[in-house]
Amino acid sequence: MSQMSLRTQAAIGFLVLVAVAWLRHAPAATDAKIPAKVLHAPSPQPDRVILTWAGDPKTTQAVTWRTDVSVERATAEIATAEDGPLFRKKARQVVARTERFTSDLGDAHYHSVQFEGLQPSTKYVYRVGDGYNWSEWAHFTTASDKEEPLAFAYVGDAQNDIFEMWSRVIRSAYSDAPKLRFLIHAGDLINTADRDDQWGEWHRAAGWINMSVPSVPVPGNHEYGRQSNGERAVNRNWKPQFTLPANGVNGLEETNYYLDIQGVRVVTLNSNVRQKEQAEWLDKLLQNNPNKWTIVTHHHPIFSTAKGRDNPELRALWKPVYDKHRVDLVLTGHDHSYGRSNVVAGENRREGGTVYVVSVSGPKMYAVEPAEWMQRKAEDTQLYQIIRIDNDRLLYESRTARGELYDSFELRKRRNAANKLVNRIPRIPENKRMPIEPSGGR
Ligand SMILES: [Fe+2]
């Protein structure tokens, strides 16, 4: 070992001291939250991939995804699904429509493709990408051209702590009923209209479920913000990231629309704006309805479950239309609790027969204001609903975040009469908010 001079030793000692001091004071990677701009940054690799419909569910399927702005030409590939890998050679390409989107976190490209000319009741396999960077291949199945049995899920507000607290709910729904035809989101998917990180959380929570089960979303008040001209408008993320029908009231494209699927008409209403026009549109739409079942979804409830949140104008405008056309189910959110009615009569006793539901899937919770119309109610409970329709019967199940059956009923169609509702409520007590014990007491 060679001898070091005193000066060299002192220099090394000094450097060691500096290094130790730096290591002690430098922030360790685990000390800080990753900035939203980094965590939710787009890349050339597709993310936020989501199936929706803009056309006929028998013969079309839309898919939308996100990349960074370096991807200028995006495509989707599709083939009929096969048991082995050879389908890849038979896949056809469809060039995407690409639009630039600037969020609070920066620029991205959103790409959308509508597959057309598909065969009904057929399983397809598809992927999206830019020719170099591709998503995984995923399946979807087109709707039948007959009134075959179907199942779908419906969830109320996800809204808060979405990745942390909503993931388990949406994943429970999928694992309970993986053959879901579609997923209804009854508004307030996120909390702050123009926060891209919240949309990033929403997409991450559902993950690849969104690649195989089409979503049917409707905007809530939290997806609505004021534009620079003072007018209220749907969140800027909404239209780039969801490819939805434009068959509703003019100006409410992709927020008020309808889909016909296997004998079920699914109608979404935008309860934030222009309620009277949508009542007139719905009345006309339901005058010519060849479907056996009609399901309506919107955000604000017709019958509220929480104190001080009644919507009398909305009820006065929309309920008579539901009564007149005997809408089967109205699925809503907004009140951060659960309440479900029996079949509700109309003013004219020969009409009516709709079941109204308020539900919540995220962690924000309000107290229930008990009312006579509620067949079943819940507080502080995260829920998802699975609804199965088979010819003249509809089976409704509401399950808790851990998959426990909480509420259930069956609807039976009757000729020229309101549906018959048979309660199948499980024999477990209602979930009620625990009273807060006074501190210092016994
Ligand atoms: Fe809301």
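The following dialogue discusses a helix, a sheet, a metal site and one buried residue in a predicted model.

Me: How is the length of helix α4 to be checked, and what span should its 15 residues have?

Reply: The check compares an expected rise with the distance between the helix ends. At 1.5 Å a residue, the 15 residues of α4 (residues 162-176) should span 21 Å, and the end C-alpha atoms are 20 Å apart, which agrees.

Me: Which residues of α4 are buried?

Reply: An α-helix has 3.6 residues a turn, so residues three or four places apart point the same way. In α4, the buried residues are Ile162, Trp166, Ser167, Val169, Ile170, Ser172, Ala173 and Tyr174.

Me: What covers these buried residues of α4?

Reply: The cover includes three strands, β9 (150-155), β10 (182-185) and β22 (383-390), together with helices α5 (196-206) and α6 (209-212). As to its placement, α4 lies across β9, β10, β22 and β23 (393-400), and runs at about 20° to β22.

Me: In what order do the strands of the open sheet stand?

Reply: Strands of a sheet pair through backbone hydrogen bonds, either parallel or antiparallel. Here seven strands form an open sheet with mixed pairing, in the order β11-β10-β9-β22-β23-β24-β25. At its edges stand β11 (215-217) and β25 (417-423); each has a single partner strand, so one side of each is left without a neighbour in the sheet. From one strand to the next, the twist averages 20°.

Me: Which pairs are parallel and which antiparallel among β9, β10, β22 and β23?

Reply: β9 and β10 run parallel and are joined by four bridges; Ala153 stands opposite Leu183 in β10. The pairing of β9 with β22 is antiparallel, over five bridges, and Tyr154 stands opposite Gln385 in β22. β22 and β23 are also antiparallel, with eight bridges; there Ile389 faces Leu394 in β23 as its opposite residue. Two residues separate β22 from β23 in a hairpin, and Asn391 in the turn has a positive phi of about 55°.

Me: Why is β22 described as largely enclosed?

Reply: The description rests on a count of buried residues. Six of the eight residues of β22 are buried, so the strand is largely enclosed by the rest of the structure.

Me: How is the iron site to be read, and which residues coordinate the ion?

Reply: One begins with the donor atoms and then considers the angles among them. The iron ion is coordinated by Asp188 (OD), Asn221 (OD1), His299 (NE2) and His334 (ND1), at 2.1 to 2.2 Å. The angles among the four donor atoms are 85 to 171°, and the site is irregular. A tetrahedral assignment would need all angles to lie between 85 and 135 degrees.

Me: Where do the donors lie along the chain?

Reply: Their spacing is D-x32-N-x77-H-x34-H. Asp188, in the loop between β10 and α5, and His334, in the loop between β17 (329-332) and β18 (338-340), are 146 residues apart, so that this pair links distant parts of the chain. Both Asp188 and His334 are buried.

Me: Is Leu331 in strand β17 buried or exposed?

Reply: Relative accessibility decides the matter. Leu331 has 0% and therefore counts as buried. Apart from neighbours within four places in sequence, the contacts of Leu331 include Phe152, Tyr154, Ile184, Ala186 and Ile387. By contrast, the C-alpha atoms of Leu331 and Ala91, which are 240 residues apart along the chain, are separated by 38 Å.

Notes
Residues numbered from 1 in each chain as written. Predicted model: local features only at pLDDT ≥ 70, side-chain atom pairs only at ≥ 80, totals over all residues. Heavy atoms only, no water. Expected span 1.5 Å × (residues − 1). Buried < 20%, exposed > 50% of the residue type's maximum accessible area, 1.4 Å probe, protein only. Contact = heavy atoms within 4.5 Å. Pairing = 2+ DSSP bridges. Axes fitted to C-alpha atoms, helices over the stretch in contact; angles between N-to-C directions. Donors = N, O, S within 2.8 Å, 3.2 Å for Na, K, Ca; no water. Tetrahedral: all angles 85-135°; square planar, octahedral: opposite > 155°, others 65-115°.
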